[in-house]
Amino acid sequence: MIKKYFPFFIIFGVLFFDQSLKVWVKTNYNLGENIFDLGVLRFDFVENPGMAFGFSFGGLVSKYILGVFRLIAVFFIGKYIFVLIKNKANTAFIVLICFIFSGALGNIIDNLFYGLVFSSGTSWNNEIEYWVGYSGISTLFNENYGGVLEGCVVDMIHLEFYWPSWVPFGFAEKEIFPPVFNIADTCISSSVILIIVFYKKIVRKEDLEFGNVFKNKPV
């Protein structure tokens, strides 16, 4: 029984920790505030209107397009998980796909609903055509700062380390990885890396026959 439902435990577990941390940060700290600093590991509260790791482009139109794309991607990844289970794929591969799914879903929740349930957040200013932050601590289920697909993803994990002074090409003493990210981003990126590294051991040829798996036919 546990083996049958373990993908759901993974998905709901990741969503619980991801969303709990985001809500805690947003309802207790000011945007841009440092929560703690352990040297290499910092928690800095930022909001991301675009893609993972702080990357964004365009305004609200691009945000809507990205949001719809995320929804479609999550739908097919979820369907893929069911087919992998049905066809008894490698357990490690199923687990990693579940982490990718839950990470993508975690950020979609921010995008879909945070504008509706939080009183303040980073929003698009039509006059200056730029994303604008806010001051103060947000409250939950009080007011809303945006509509559906207008919410911004909450990020907080910051790994701060720098290139040595002898590194050439203008990188000397600059931050190696400046983006701030969250648990959802970590699940997606680390899972993709592990799939690439252990590809030959955990991925079968039939697992990649997407024309069949999306029709829910055994491969």
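What follows is a chat about the sheet, the cores, the cysteines and one buried aspartate in a predicted model.

Visitor: Let's start with the sheet. How many strands, and in what order?
Guide: Three strands make an open sheet, ordered 1-2-5, and the pairing is antiparallel.

Visitor: Which ones are the edge strands?
Guide: Strand 1 (34-37) and strand 5 (153-159), as each of them pairs on one side only. Going from one strand to the next, the twist averages 25°.

Visitor: And how many bridges hold strand 2 and strand 5 in register?
Guide: Strand 2, residues 41-48, pairs with strand 5 over six bridges, in the antiparallel sense. One residue to look at is Asn48, whose bridge partner in strand 5 is Val153.

Visitor: OK, switching to the cores. Which residues touch the most other members in the largest nonpolar core?
Guide: Leu84, Phe93, Ile97 and Ile195 do, in a core of 25 residues.

Visitor: Which elements give two or more residues to it?
Guide: Four helices: helix 1 (2-26), helix 2 (60-86), helix 3 (91-117) and helix 4 (183-197). Helix 3 gives the largest share, with 10 residues.

Visitor: Back to Ile195 for a sec. What is it in contact with, leaving aside neighbours within four places in sequence?
Guide: Ile195 is in contact with Phe93, Leu96, Ile97 and Ile100, and also with Ile202 and Val203.

Visitor: What other core lies apart from that one?
Guide: There's another core of 17 residues, and Val25, Tyr29, Ile35 and Val154 are among them.

Visitor: Now Asp110. Where is it, and is it buried or exposed?
Guide: Asp110 is in helix 3. Its relative accessibility is 0%, so Asp110 counts as buried.

Visitor: What does the Asp110 side chain have a polar contact with?
Guide: With the side chain of Lys22, at 3.0 Å.

Visitor: And what else does Asp110 touch?
Guide: Not counting residues up to four places away in sequence, Asp110 touches Gln19, Gly115, Gly151 and Cys152 as well as Lys22. Val153 and Val154 are on that list too. Val153 is also the bridge partner of Asn48, and Val154 belongs to the core of 17 residues.

Visitor: Last topic, the cysteines. How many disulfides are there?
Guide: Zero, counting pairs of cysteine sulfur atoms within 2.5 Å.

Visitor: Are Cys98 and Cys187 buried or exposed?
Guide: Cys98 has a relative accessible area of 0%, so Cys98 is buried. Cys187 comes out at 10%, and the cut-off for buried is under 20%, so Cys187 is buried too.

Notes
Residues numbered from 1 in each chain as written. Predicted model: local features only at pLDDT ≥ 70, side-chain atom pairs only at ≥ 80, totals over all residues. Heavy atoms only, no water. Pairing = 2+ DSSP bridges. Axes fitted to C-alpha atoms, helices over the stretch in contact; angles between N-to-C directions. Buried < 20%, exposed > 50% of the residue type's maximum accessible area, 1.4 Å probe, protein only. Core = buried A, V, L, I, M, F, W, Y, C linked by side-chain atoms within 4.5 Å. Contact = heavy atoms within 4.5 Å. Polar contact = N/O pair within 3.5 Å; in protein donor to acceptor, adjacent residues only side chain to side chain.
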